[in-house]
Amino acid sequence: MSDHSHDSHTGPIKTPAQLLWTSFFSFVVPVFIIIGLVFFVTRGDKPSAGSVDPELATAIRIQKIGSVELRDANRPLESGAAVFKAQCAACHETGLAGAPKFGDAAAWAARIATGYEALLTSSLKGKGAMGAQGGGAFSDIEIGRAVVHMTNAAGAKFEEPQPPVAEGEAGAEAPAAAQ
């Protein structure tokens with residue numbers, strides 16, 4: 001059938017010692033590598049990915065989303081100048097992001113022509129680079145006073161908004177005015 005003999009076929013392992021070392025490196029070493037990797041992954045003292053300060057990263061992840069702030073509804077209203085200084089001056093004194101500068105009649109002329117209500121709406125809801133001012137540290141009336149302060153400094157003749165008069169107060173003032 002065949003004249004070829006298979007006696008000359010040999011593998012790379014020729015001695016029992018080579019077989020022992022091959023078995024050791026093929027099975028035992030990978031088991032130790034897997035055990036080492038499991039230990040590394042499960043230990044708890046490594047920092048979060050991309051975080052230098054794990055305590056800060058944890059605090060940021062668990063911070064509250066919203067807050068409730070209680071304010072005194074009966075506090076005296078701030079003047080337009082005080083609200084301007086606290087809320088508006090950062091942009092309107094320097095002209096930052098295209099904001100019309102305080103007292104610049106030319107820059108305010110077209111805006112004043114739109115009327116007080118349009119300016120107040122833009123202030124409360126935001127316009128262009130200016131964020132919404134409504135719902136912040138000041139009431140809508142105080143923001144309106146700041147709008148009047150800025151526009152009147154540029155030549156407008158708007159009247160400063162006053163808080164609405166309550167029903168009980170209006171009735172109490174009417175008889176005094178009639179006398």
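Is phenylalanine 27 buried or exposed? In this predicted model, phenylalanine 27 is exposed, with a relative accessible area of 60%, and the views below move from that residue to the overall chain, the core and the charged pairs.

**View 1. A nonpolar surface patch that includes phenylalanine 27.** Phenylalanine 27 belongs to helix H1, which covers residues 16-42. Together with Trp21, Phe24, Phe25, Val28, Val31, Phe32 and Ile35, Phe27 makes a nonpolar surface patch of about 870 Å². The relative accessible area of phenylalanine 27 is 60%, and the residue counts as exposed because the cut-off for that class is over 50%. As a general tendency, nonpolar side chains in soluble globular proteins are buried together.

**View 2. The chain as a whole, with 7 helices and 0 strands.** Read along the sequence, the elements follow the pattern α-α-α-α-α-α-α. Of the 179 residues of the chain, 19% count as buried. The chain exposes about 13700 Å², of which carbon and sulfur atoms supply 62%. Among contacts with a separation of 6 or more, residues 24 or more positions apart account for 51%.

**View 3. The largest nonpolar core, with 19 residues.** Trp108, Ile112, Tyr116, Ile143 and Phe158 are the residues with the most contacts inside this core. Two or more residues of the core come from each of helix H3 (80-92), helix H4 (105-113), helix H5 (116-125) and helix H6 (140-153), and H6 gives the most, with 5 residues. Once residues up to four places away in sequence are set aside, isoleucine 143 touches Val83, Leu120, Ser123, Leu124, Gln133 and Phe138.

**View 4. The salt bridge between glutamate 142 and arginine 75.** The structure holds 2 salt bridges, and in the one shown here the closest N and O atoms of glutamate 142 and arginine 75 are 2.7 Å apart. The pair links distant parts of the chain, since glutamate 142 is in helix H6 while arginine 75 is in the loop between helix H2 (54-61) and H3, 67 residues away. Glutamate 142 is buried, with a relative accessible area of 0%, whereas arginine 75 is partly exposed, with a relative accessible area of 27%. In general terms, side chains of opposite charge can pair when their charged atoms come close.

**View 5. The salt bridge between glutamate 160 and arginine 145.** In this pair the side chains meet with an N to O distance of 3.7 Å. The salt bridge links distant parts of the chain, with glutamate 160 in the loop between H6 and helix H7 (167-178), arginine 145 in helix H6, and their positions 15 residues apart. Glutamate 160 counts as partly exposed, at 38% relative accessibility, while arginine 145 has a relative accessible area of 9% and counts as buried because that value is under 20%.

**View 6. The surroundings of arginine 145 in helix H6.** Apart from neighbours within four places in sequence, arginine 145 is in contact with Leu77, Glu78, Ser79, Gly80, Glu160, Pro161, Gln162 and Pro163. A polar atom of the arginine 145 side chain lies 3.3 Å from the backbone oxygen of glutamate 78. Glutamate 160, listed among the contacts of arginine 145, is also the salt-bridge partner of arginine 145.

Definitions and conventions
Residues numbered from 1 in each chain as written. Predicted model: local features only at pLDDT ≥ 70, side-chain atom pairs only at ≥ 80, totals over all residues. Heavy atoms only, no water. Core = buried A, V, L, I, M, F, W, Y, C linked by side-chain atoms within 4.5 Å. Buried < 20%, exposed > 50% of the residue type's maximum accessible area, 1.4 Å probe, protein only. Helix = DSSP H or I, 4+ residues; strand = E, 2+ residues; numbered from the N terminus. Contact = heavy atoms within 4.5 Å. Salt bridge = Lys/Arg side-chain N within 4 Å of Asp/Glu carboxyl O. Patch = residues over 30% accessible without salt bridge, like charges linked within 9 Å, V, L, I, M, F, W, Y side chains within 5 Å. Areas by Shrake-Rupley, 256 points an atom, 1.4 Å probe, with all protein chains shown as cover. Polar contact = N/O pair within 3.5 Å; in protein donor to acceptor, adjacent residues only side chain to side chain.
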